[in-house]
Amino acid sequence: MKPFIYTAQPSRVIFGNGALAQLSEEINAMGAKKALVLSTPEQRASAQKIADLLGSHAVGIFDRAVMHVPIETAREARAVARQLGADCAVAIGGGSTIGLGKAIAMESGLPILAIPTTYAGSEMTPIFGITEAGIKKTGRDLRVLPRTVIYDPELSQSLPVGLSVTSGINAIAHAAEGLYAVDGNPIMSLMAEEGIAAISRALPQIRQQSDQMAARSDALYGAWLCGTVLGHVGMALHHKLCHTLGGSFNLPHAETHTIVLSHALAYNAKAAPQAMVRIARALQVDSAPQGIYELALHNGAPVALKDIGMREQDLDKACDIALQNQYPNPRPLERSALRQLLQNAFDGAPPQ
Ligand code: NAD
């Protein structure tokens, strides 16, 4: 066994069909009485349902969460929380809404209760991101880690199939890179392998029947595991590339992860053989990169950056940005190999 350091992060998780019914109890347990409910405009009805469940313990709804947490939105939400005297934030939605909750918590220290409805995993991490003047800054701060997380698979039934597949592969990406993280540890590796297995067996079933509860439950369970890995260990090439492509070229988050992952794994395969064995075992395939590529392809997800808004003339610039900061990665960053990786991802070619 290689030496390791493991620090557990404090968060309380309530998981199960119908778990939302425990919301008021959980708000009480946090010692809070005035919840500000957060959502995107599209999930306003879900936010209203939360407010109704909380009754007099809900002081308002802020329904303007958007992707990448623009600083202006964060300021607005913080002002609303202050004006209403909120003593906690309840974020229902995906990474964008939970990210807004984190932006409020960063400044005010308000505890967050998160109710995730995608598989992105932000609810299990102390990582925040805020976008100012087009640049997304991210960092880690334990104050933004949601205090309590309610995972209710029933709430993910409405997640469209396409987004379910890409969000699921986004979650798998956290676990896959967690398996070769420079600060990895055996607990996170166990969670990572189990998380990949749970999500990869759920996605084809969700594609066949999107409201299948057993599959929705497996996928959300996997998302919890994969999000926990993201929150505990450092990510590498794959996440840096996706951050670059999303931040500098405005590509959609979950789709970008879905397309890049197989290529990032192929890039790292020889340098991280043990991780590849575990990913392949979880996917029940022979090759980890090919298995991820086929998981996307066979479930109708995009496999080419050119199909989600990337321009071929920007590939060189993306490569330059990705090379700007050196970061831990199993295989050193080599320009020509990285440029080829981006070309393959752009074209939708199988991972090489
Ligand atoms: P998202 O939160 O942007 O949601 C995408 C869309 O799906 C939104 O319109 C949302 O309202 C809708 N939606 C969500 N759940 C739904 C449901 N059950 N039914 C119907 N519609 C639903 O997408 P995401 O992929 O969850 O999050 C992406 C963002 O989160 C990115 O900005 C990313 O950087 C961030 N993120 C942060 C972390 C972290 O640890 N800080 C981790 C993962 C993702």
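**Exercises on helices, domains and loops**

Helix 9 and helix 11 run roughly antiparallel to each other. The model used here is predicted.

**Exercise 1.** Find out how the axes of helix 9 and helix 11 cross, and which residues of the two helices meet.

*Solution.*
- Step 1. Locate the helices: helix 9 covers residues 253-268 and helix 11 covers residues 288-298.
- Step 2. Look at their axes. They come within 8 Å and cross at roughly 165 degrees.
- Step 3. Apply the cut-off: angles over 145 degrees count as roughly antiparallel. Helix 9 and helix 11 are therefore roughly antiparallel.
- Step 4. Add the handedness. This crossing of helix 9 and helix 11 is left-handed.
- Step 5. List the residues that meet. Helix 9 brings Thr258, Leu261, Ser262, Leu265 and Ala266. Helix 11 brings Ala288, Pro289, Ile292, Tyr293 and Ala296.

**Exercise 2.** Work out where the largest nonpolar core lies relative to domain 1 and domain 2.

*Solution.*
- Step 1. Take the domain assignment: domain 1 is 12-156 and domain 2 is 161-347. Their C-alpha centres lie 25 Å apart. The contact uses 16 residues from domain 1 and 22 residues from domain 2.
- Step 2. Turn to the core. The largest nonpolar core has 113 residues, and Ala89 and Val90 have the most contacts inside it. Helix 6 (residues 186-208) supplies the largest share, ten residues.
- Step 3. Conclude. Both domains give residues to this core, so it lies between them.
- Step 4. Zoom in on Val90. Leaving out residues up to four places away in sequence, Val90 touches Ala35, Val37, Leu38, Ile50, Leu113 and Ile115.

In general, nonpolar side chains tend to be buried together in soluble globular proteins.

**Exercise 3.** Decide whether His57 is buried, partly exposed or exposed, and name the residues that His57 touches.

*Solution.*
- Step 1. Place the residue: His57 sits in the loop between helix 2 (44-54) and strand 3 (58-62).
- Step 2. Count neighbours. His57 has 18 C-beta neighbours inside 10 Å, so it counts as partly exposed.
- Step 3. Name the contacts. Not counting residues up to four places away in sequence, His57 touches Ser24, Ile27, Lys33, Lys34 and Ala35.
- Step 4. Check one pair. His57 and Lys33 are 24 residues apart along the chain, yet 5.1 Å separates their C-alpha atoms.

**Exercise 4.** Give the location, phi and exposure of Asn250.

*Solution.*
- Step 1. Asn250 lies in the loop between helix 8 (237-249) and helix 9.
- Step 2. Its phi is positive, about 55 degrees, although Asn250 is not a glycine.
- Step 3. Asn250 has 12 C-beta neighbours inside 10 Å, so it counts as exposed.

Note on methods:
Residues are numbered from 1 along each chain as its sequence is written. This is a predicted model: local features need pLDDT of at least 70, side-chain atom pairs count only at pLDDT 80 or more; totals for chains, interfaces and linings use all residues. A nonpolar core is a set of buried Ala, Val, Leu, Ile, Met, Phe, Trp, Tyr and Cys residues joined through C-beta atoms within 7 Å. A residue is buried if 20 or more other C-beta atoms lie within 10 Å of its own, exposed if 12 or fewer, and partly exposed in between; C-beta atoms are placed from the backbone. Helices (H or I, at least four residues) and strands (E, at least two) are DSSP runs, numbered from the N terminus. Domain bounds come from an automatic or database domain assignment. Two residues are in contact if their C-beta atoms, placed from the backbone, lie within 7 Å. Axes are lines fitted to C-alpha atoms, for helices over the stretch in contact, and angles run from 0 to 180 degrees between N-to-C directions. Angles under 35 degrees count as roughly parallel, over 145 as roughly antiparallel, 65 to 115 as roughly perpendicular and the rest as oblique. A crossing is left-handed if the near helix is turned anticlockwise from the far one by less than a right angle, and right-handed if clockwise.
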